[in-house]
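User: Please take a close look at the enclosed space in this model. Then walk me outward from there, in plain steps.

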Amino acid sequence: MLIIGIAGGTGSGKTTVVRKIIQSLPPNEVAVIPQDSYYKDNSGMPLEKRLQLNFDEPGAIEWDLLVEHLNQLKQGKNIAQPIYSYLTCTRSEDTILVKPRDVVIVEGILVLTDPKLRDLMDIKVFVDADGDDRLIRVINRDCIERGRTVEMVIDRYEKVLKPMHNQHIEPTKRFADLIVPQGGNNQVAIDILTNFISSKLAI
């Protein structure tokens, strides 16, 4: 099993990179584990406080569970991946069945911050993008998918996303084996990554 970590700032193009990798490999060969599924369950907290939580710092993630699930996949076991709702800031009682695959991609803004998780990765990737480009993507995504206004998104970007990116996410670039500038638009870097994966699977 090949475990790949793909990190990068919010709106950097991580999802596009993951999608292009999956498209380049044979069907049913890749399992994707989103970091976002492992946000801590905050159901015991009033909704008003839940909505003010900082999701852009490592303490928001249940890393031990994510590491445990990856180890189970490496052992050939199925896992019950949590489902997290951004609308309620809680975990669903339902889960997603994930089966072991030849390639497992762990994707999220903070996946290179945890040492135990990094140690499980065979290759670590950082998807890089200009701050203005990331902000535009975040505005488009949050207004459409999460029901926020442009003013809410910009306010959150200035107060939370930008400082947390500089403090927690940008520094993890030094752990990356491969940096992908220009996000999902960098086909050369994506081709290098997919060729590496294919060569490892052929061994």
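Analyst:
**The cavity and its surroundings**

The structure holds one cavity of 30 Å³ or more. Bear in mind that this is a predicted model. The space inside the largest cavity comes to about 30 Å³.

Which residues line the largest cavity? They are T10, D56, R134, L161, H165 and I169. Helix α6, residues 150-169, gives the largest share of that lining, with three residues. By class, the lining splits into two nonpolar, two polar and two charged residues.

Now move to the open spaces. The largest pocket has a volume of about 630 Å³. Its lining has 28 residues, and T15, D36, E107, R141 and R146 are the closest to its centre. Four elements each give two or more residues to this lining: α1 (14-24), β2, α5 (131-145) and α6. So what kinds of residue are these? The lining of the largest pocket has nine nonpolar, nine polar and ten charged residues.

The second largest pocket has a volume of about 350 Å³. Of its 15 lining residues, L51, Q52, R148, M152 and R156 are the closest to the centre. Which element gives the most to this lining? α6 does, with four residues. By class, the second largest pocket is lined by eight nonpolar, two polar and five charged residues. Helix α6 is thus a thread to follow on screen: it lines the cavity, the largest pocket and the second largest pocket.

Next come the packed parts. In soluble globular proteins, nonpolar side chains tend to be buried together. The largest nonpolar core here has 31 residues. Inside this core, I33, L70 and L117 have the most contacts. The elements that give it two or more residues are β1 (2-8), β2 (30-34), α3 (63-74), β3 (79-85), β5 (103-107) and α4 (115-120). The largest share, six residues, comes from α3. β2 appears in this list, and β2 also gives residues to the lining of the largest pocket.

Pick out L117 for a closer view. Setting aside neighbours within four places in sequence, what does L117 contact? Its partners are W63, L66, V67, L70, V106 and V111. L70 is also named among the core residues with the most contacts. There is a second, separate core of 19 residues. V17, V127, I190 and L193 are among its members.

Helix α7 deserves two stops. The first stop is T194, which lies in helix α7, residues 187-202. Is T194 buried or exposed? T194 is buried, because its relative accessible area is 6% and the cut-off for buried is under 20%. Its side chain reaches the backbone oxygen of D191 at 3.0 Å. Beyond neighbours within four places in sequence, T194 is in contact with I21 and S24.

The second stop is L201, also placed in helix α7. L201 has a relative accessible area of 30%, so it counts as partly exposed. In sequence, L201 and D102 are 99 residues apart. In space, C-alpha to C-alpha, L201 and D102 are 7.4 Å apart. Not counting residues up to four places away in sequence, L201 touches E29, D102 and V103.

Two strand residues finish the tour. T90 lies in strand β4, residues 90-98. T90 counts as buried, because its relative accessibility is 13%. The side chains of T90 and T88 make a polar contact at 2.8 Å. Apart from neighbours within four places in sequence, T90 is in contact with D41, N42, S43, R50, I83, Y84 and S85.

K124 is found in strand β6, residues 123-127. Why does K124 count as buried? The reason is its relative accessibility of 15%, which is under the 20% cut-off. K124 and I179 are 55 residues apart in sequence, yet 8.8 Å apart in space, C-alpha to C-alpha. Leaving out neighbours within four places in sequence, K124 is in contact with G5, L112, R118, F175, A176, D177 and L178.

Methods
Residues are numbered from 1 along each chain as its sequence is written. This is a predicted model: local features need pLDDT of at least 70, side-chain atom pairs count only at pLDDT 80 or more; totals for chains, interfaces and linings use all residues. Side-chain values use heavy atoms; hydrogens and water are left out. On a 1 Å grid over the protein atoms alone, a cavity is a set of points where a 1.4 Å probe fits but cannot get out, and a pocket is an open set with protein on both sides within 12 Å along at least five of seven lines; lining residues have an atom within 4 Å of a point. Grid points are joined across faces, edges and corners, and a volume is the space filled by probe spheres set on the points. Ala, Val, Leu, Ile, Met, Phe, Trp, Tyr, Cys and Pro count as nonpolar, Asp, Glu, Lys and Arg as charged, and the others, Gly among them, as polar. Buried means under 20% relative accessible area, exposed over 50%, partly exposed in between (1.4 Å probe, protein chains only). A polar contact is a pair of N or O atoms within 3.5 Å; within protein, one must be able to donate a hydrogen and the other to accept it, and residues adjacent in sequence count only if both atoms are side-chain atoms. Contact means heavy atoms within 4.5 Å. A nonpolar core is a set of buried Ala, Val, Leu, Ile, Met, Phe, Trp, Tyr and Cys residues joined through side-chain atoms within 4.5 Å.
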